[in-house]
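User: Hi! I have a structure open on my screen and would like to talk it through with you. Could we go over it together?

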Amino acid sequence: WFTQKRQENVPISGSILQEKASEMGSKIENTEFKCSRSWVERFKKRHNISSGKIVGESASVNMNVVNDWLNNVWPRILHNYEYKDIFNADETDLFYKLTPDTTLKFVGENCAGGKLSKVRLTVLVAANMFGTEKRKLLVIGKSANPRCFKNKILPVKYRANSKAWMTSDIFRTELREWDEELKLRNRKIVLLVDNCPAHPDVELEQIKLVFMPPNTSSKLQPMDQGVIHSLKCHYRKILLMKMLEAIEKNKIF
């Protein structure tokens, strides 16, 4: 199965391989078979399979600015608000048709890919410091009324503009709706956001906006400390499983 999928240039991650092995084990009614991570590692070693990375990025941050914010702004926030009332929000691009850039492969095999999809959405992710409250994802696309939404109840909030970007108008609307919700509960919170043109300073009653210094997201932005990455990993796993299912059933995906 692995050889066939690599010949079809389908990216295969360790978790996908583990899922597929479990599925095959259940089909042959092997009740003693347990596909653990250690089984995957032994399988990779036995068949000379390694991981291949295609691209990578790096960034630099002014640590003086970061330390100044942590020493002077952050302590005041902690003093004035409980952890459950400290929220963070951040946008991320989601190339929702893009397959992962890492795949398991046979040693010596080239990691060549086809044309990468550039179809993009913007997603606003927000949660409190404890992770006990997660706002419904706000997804921003280009089409105001996508055909695929017809007769569907969405698990997310959806907005649209010509470039599928966060705009100041969308940001204001989202925060004012949130502020109204908090009024009904007589609750006040603080919301940490990036300092960017799409994030205007909105007058709110229940939400105090705190803007982080520019170009410090990789160090100060909580959502950039693995939260958004984890969200995308879960999404890509589901995407790949659906893609593999379609390929094996000779369906268009």
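User: Let me jump straight in: is Asp93 buried, partly exposed or exposed?

Analyst: Happy to help! Keep in mind that this is a predicted model. Asp93 counts as partly exposed, at 35% relative accessibility.

User: Which residue forms a salt bridge with Asp93?

Analyst: That would be Arg120, and the closest N and O atoms of the pair are 3.6 Å apart. The two come from distant parts of the chain, 27 residues apart: Asp93 belongs to strand 2, while Arg120 sits in the loop between strand 3 (102–106) and strand 4.

User: And Arg120, buried or exposed?

Analyst: Arg120 counts as buried, because its relative accessibility is 17% and the cut-off for buried is under 20%.

User: How many salt bridges are there in total?

Analyst: The count comes to 18. Another one joins the side chains of Arg185 and Glu133, at 3.7 Å from N to O. Here too the partners are from distant parts of the chain, with Arg185 in helix 6, Glu133 in the loop between strand 4 and strand 5, and their positions 52 residues apart. Arg185 is partly exposed at 48% relative accessible area, and Glu133 is also partly exposed, at 24%.

User: What does Glu177 pair with?

Analyst: Glu177 meets Arg159 in a salt bridge, 3.3 Å from N to O. Glu177 is in helix 6 and Arg159 in strand 6, so this pair ties together parts 18 residues apart in sequence. Glu177 is partly exposed at 32%, and Arg159 is partly exposed at 24%.

User: Which residues are linked with those two in a network of salt bridges?

Analyst: The network links Glu177 and Arg159 with Arg135, Lys157, Glu174 and Glu181.

User: Let's switch to the sheet. What is the strand order?

Analyst: It's an open sheet of 6 strands, running 6-5-4-2-7-8 with mixed pairing. Strand 6 (157–160) and strand 8 (207–211) are at the edges; each has a single partner strand, so one side of each lacks a neighbour in the sheet. From one strand to the next, the twist averages 25°.

User: Which helix packs on the sheet?

Analyst: Helix 6, residues 168–185, packs there. The strands touched by helix 6 are strand 2 (86–94), strand 4 (121–128), strand 5 (138–141), strand 6, strand 7 and strand 8. The direction of helix 6 makes about 140° with that of strand 8.

User: How do strand 7 and strand 8 pair, parallel or antiparallel?

Analyst: They pair in the parallel sense, over 5 bridges, with strand 7 covering residues 189–193. Within that pairing, Leu192 has Val210 in strand 8 as its bridge partner.

User: Back to strand 2 for a moment. Where does Asp90 lie, and is it buried or exposed?

Analyst: Asp90 lies in strand 2 and counts as buried, with 4% relative accessibility.

User: What is Asp90 in contact with?

Analyst: Setting aside neighbours within four places in sequence, Asp90 is in contact with Val123, Leu124, Val125, Asp194, Gln221, Met223, Asp224 and Ile228. As for C-alpha positions, Asp90 and Ala126 are separated by 6.6 Å, though they are 36 residues apart along the chain.

User: Last topic: how many disulfides are there?

Analyst: A search of the whole structure finds 0. On the cysteines, Cys148 is exposed, with a relative accessible area of 55%, and Cys233 is partly exposed at 39%.

Note on methods:
Residues numbered from 1 in each chain as written. Predicted model: local features only at pLDDT ≥ 70, side-chain atom pairs only at ≥ 80, totals over all residues. Heavy atoms only, no water. Pairing = 2+ DSSP bridges. Helix = DSSP H or I, 4+ residues; strand = E, 2+ residues; numbered from the N terminus. Axes fitted to C-alpha atoms, helices over the stretch in contact; angles between N-to-C directions. Contact = heavy atoms within 4.5 Å. Disulfide = S-S within 2.5 Å. Buried < 20%, exposed > 50% of the residue type's maximum accessible area, 1.4 Å probe, protein only. Salt bridge = Lys/Arg side-chain N within 4 Å of Asp/Glu carboxyl O.
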